[in-house]
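Grab a pencil and keep the viewer open. Here are a few short exercises, each with a solution worked through in steps.

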Amino acid sequence: AVVSTQSTGESGCGYPSDPKTKKWLVDNIDKVFGFPQFVRFSWSTAEKIIDKHCVQVTWDDAEEDEENIPKINSFFKRVKKQTEIPRHRFYHEQGLSSLTEI
């Protein structure tokens, strides 16, 4: 949820579909740095507002192809959980399982 502390206007309920939240995001975006850290950059609503209202930055790098440059939003996306580490064979041989698996 978006918590309004030193920002302007009503923040709404904090969910990306809430019109007050969308308005708050647009009204409180920094054109260079984006949103405060409590805003979920992984929401498509935040990504669209950044794309529309923020300054596009192009970094000069002779080694990189411009086609392969990731968008800044890609660094804030949710990372998939790692697969579960297999348990030691002892547990399988003894027929033991975790309480969460019962």
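**Exercise 1.** Find where glutamate 93 and arginine 89 lie, and work out how they pair up.

*Solution.* Start with the backbone: this is a predicted model, and in it both residues belong to helix α3, which covers residues 89-93. Glutamate 93 and arginine 89 are four residues apart, or about one turn of the helix. Next, look at the side chains. The closest N and O atoms of the pair are 3.1 Å apart. The cut-off for a salt bridge is 4 Å, and glutamate 93 does form one with arginine 89. Finally, check the surroundings: glutamate 93 and arginine 89 are both exposed.

**Exercise 2.** How many salt bridges does the structure hold? Track down the one made by lysine 23 and describe its setting.

*Solution.* The count is two. Lysine 23 bonds with aspartate 27 in a salt bridge, with 2.6 Å between the closest N and O atoms. Now for the spacing: both sit in helix α1 (residues 19-27), and because they are four residues apart there, about one helical turn separates them. Then compare each accessibility with the cut-offs. Exposed means over 50%, so lysine 23, at 52% relative accessibility, counts as exposed. Aspartate 27 comes out at 43%, so it counts as partly exposed.

**Exercise 3.** Sketch the overall fold of the protein chain: which elements does it have, and in what pattern?

*Solution.* Count the elements first: three helices and zero strands. Reading along the sequence then gives α-α-α. For the contacts, take those between residues at least 6 apart in sequence; 26% of them join residues at least 24 apart. As for burial, 22% of the 102 residues are buried. The chain exposes about 9,100 Å², and 53% of that comes from carbon and sulfur atoms.

**Exercise 4.** Where is the predictor's confidence lowest and highest among the elements, and what does the whole chain average?

*Solution.* Begin with the whole chain: the mean pLDDT is 75, and 76% of the residues score at least 70. Moving to the elements, α3 has the lowest mean, 85, while α1 has the highest, 87. Last, look at residues 1-5, where the pLDDT is below 50. Beyond near neighbours in sequence, that stretch has 11 contacts in the model.

Key: Residues are numbered from 1 along each chain as its sequence is written. This is a predicted model: local features need pLDDT of at least 70, side-chain atom pairs count only at pLDDT 80 or more; totals for chains, interfaces and linings use all residues. Side-chain values use heavy atoms; hydrogens and water are left out. Helices (H or I, at least four residues) and strands (E, at least two) are DSSP runs, numbered from the N terminus. Buried means under 20% relative accessible area, exposed over 50%, partly exposed in between (1.4 Å probe, protein chains only). Contact means heavy atoms within 4.5 Å. Accessible areas come from the Shrake-Rupley method with a 1.4 Å probe; for residues, only the protein chains shown count as cover. A salt bridge is a side-chain nitrogen of Lys or Arg within 4 Å of a carboxyl oxygen of Asp or Glu. pLDDT is the predictor's confidence in each residue, from 0 to 100.
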